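Biologist: I would like to learn how to read a ligand site. Where do we start?

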Amino acid sequence: MQPNQPIRLYGFPLSGHSHRVQLFLNMLGLPHEFIYVDLPNKAQKEASFLARNPRGQVPVIEDGDITLYDSTAILVYLARQYGDGGWLPGDPVDAARVQQFLSLASGEVLEGPAKARMVKLFNAPLDYQQAKEKAFSLLQLLDAHLAGRNFLVGTRPTIADIACYSYVAHAPEGGVSLDAYPHVRGWVARIESLPDFVPMPASPLAA
Ligand SMILES: N[C@@H](CCC(=O)N[C@@H](CS)C(=O)NCC(=O)O)C(=O)O
């Protein structure tokens with residue numbers, strides 16, 4: 001199934017939350033248009049944007065007359081509406097396991113690697129040491145989970161992988177090295193070799 005018109009994705013190029021959605025739209029082969037939201041100038045807090053997402057955050061999608069915010073909620077919608085059934089399994093146990101990683105993406109992944117990167121790239125007023133410690137705990141957990149597994153849930157990629165990928169892959173931009181986590185690095189490489197993978201731009205600020 002294809003949308004009647006291109007899906008509009010409101011995002012910011014260096015936002016991992018936006019990238020998750022862009023990556024999945026691409027992998028599903030869905031026509032879409034990326035609409036730049038000027039986060040540095042607080043465009044996300046303007047009334048016109050708040051009408052789309054009262055939380056004042058990217059990403060948001062518009063698919064016809066459906067408007068949705070929150071990256072993992074958007075992944076669920078796209079998987080159910082346009083996916084082949086494998087991206088978000090119907091089996092109750094596997095569906096719950098995918099949800100565990102969507103929660104991880106909105107919790108530990110945000111609190112660790114995403115926040116460490118926000119400090120380094122955008123000078124966000126956050127506790128860098130704490131974010132770094134949380135990032136390393138997360139990487140340890142993921143590395144142990146991925147030992148002997150190709151993907152986070154089951155034997156094929158799901159939206160669990162899509163949700164967790166962007167900020168884990170870009171953790172080094174926040175001063176969080178992946179060197180000690182071979183299974184995580186293998187998983188990152190596996191995601192990057194999937195058909196229609198599209199990278200999040202590396203920040204020039206991190207160089
Ligand atoms: N839970 C949300 C978090 C989205 C989020 O934190 N977006 C950031 C960019 S990465 C944002 O818009 N920040 C601007 C702000 O909060 O004002 C999601 O998964 O979409």
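Modeller: Start with a cut-off. A polar contact is a pair of N or O atoms within 3.5 Å. Keep in mind that this is a predicted model.

Biologist: How far from an oxygen atom of the ligand does a polar side-chain atom of Gln57 lie?

Modeller: The distance is 3.4 Å for Gln57, and the cut-off is 3.5 Å, so the pair counts as a polar contact. Gln44 has a side-chain N or O atom 2.9 Å from an oxygen atom of the ligand. For Lys45, the distance from a side-chain N or O atom to a ligand oxygen is 2.9 Å.

Biologist: How much of the ligand's accessible area does the protein cover?

Modeller: On its own, the ligand has 510 Å² of accessible area, and the protein covers 79% of that.

Biologist: Which residues surround the ligand?

Modeller: Here a residue is near the ligand if one of its heavy atoms lies within 4 Å. Ser15, His17, Leu39, Gln44, Lys45 and Gly56 belong to the surroundings. So do Gln57, Val58, Pro59, Asp70, Ser71 and Tyr167. By class, this shell has 4 nonpolar, 6 polar and 2 charged residues.

Biologist: Where does the ligand sit?

Modeller: The ligand sits in the largest pocket. That pocket has a volume of about 830 Å³.

Biologist: How many residues line the largest pocket, and which lie nearest its centre?

Modeller: The lining has 30 residues. Nearest the centre are His17, Leu39, Gln57, Val58 and Met118. Sorted by class, the lining holds 14 nonpolar, 9 polar and 7 charged residues.

Biologist: Which helices each supply at least two residues of that lining?

Modeller: Look at α1 (16–27), α4 (92–106) and α5 (108–122). The largest share, 6 residues, comes from α5.

Biologist: Now the backbone. Which two residues does a cis peptide bond join?

Modeller: Read omega for this. The bond between Val58 and Pro59 is cis, with omega about 5 degrees. Pro59 is in the loop between α2 (47–50) and β3 (60–63). Val58 and Pro59 are also among the residues that surround the ligand.

Biologist: What about phi? Where is Lys42 placed?

Modeller: Check the sign of phi in residues other than glycine. Lys42 has a positive phi of about 60 degrees. Lys42 is in the loop between β2 (32–36) and α2. Asp196, also not a glycine, has a positive phi near 65 degrees. The segment after α8 (182–192) holds Asp196.

Terms used: Residues are numbered from 1 along each chain as its sequence is written. This is a predicted model: local features need pLDDT of at least 70, side-chain atom pairs count only at pLDDT 80 or more; totals for chains, interfaces and linings use all residues. Side-chain values use heavy atoms; hydrogens and water are left out. A polar contact is a pair of N or O atoms within 3.5 Å; within protein, one must be able to donate a hydrogen and the other to accept it, and residues adjacent in sequence count only if both atoms are side-chain atoms. Accessible areas come from the Shrake-Rupley method with a 1.4 Å probe; for residues, only the protein chains shown count as cover. On a 1 Å grid over the protein atoms alone, a cavity is a set of points where a 1.4 Å probe fits but cannot get out, and a pocket is an open set with protein on both sides within 12 Å along at least five of seven lines; lining residues have an atom within 4 Å of a point. A molecule sits in a cavity or pocket if more than half of its atoms lie within 2 Å of its grid points. Ala, Val, Leu, Ile, Met, Phe, Trp, Tyr, Cys and Pro count as nonpolar, Asp, Glu, Lys and Arg as charged, and the others, Gly among them, as polar. Grid points are joined across faces, edges and corners, and a volume is the space filled by probe spheres set on the points. Helices (H or I, at least four residues) and strands (E, at least two) are DSSP runs, numbered from the N terminus.
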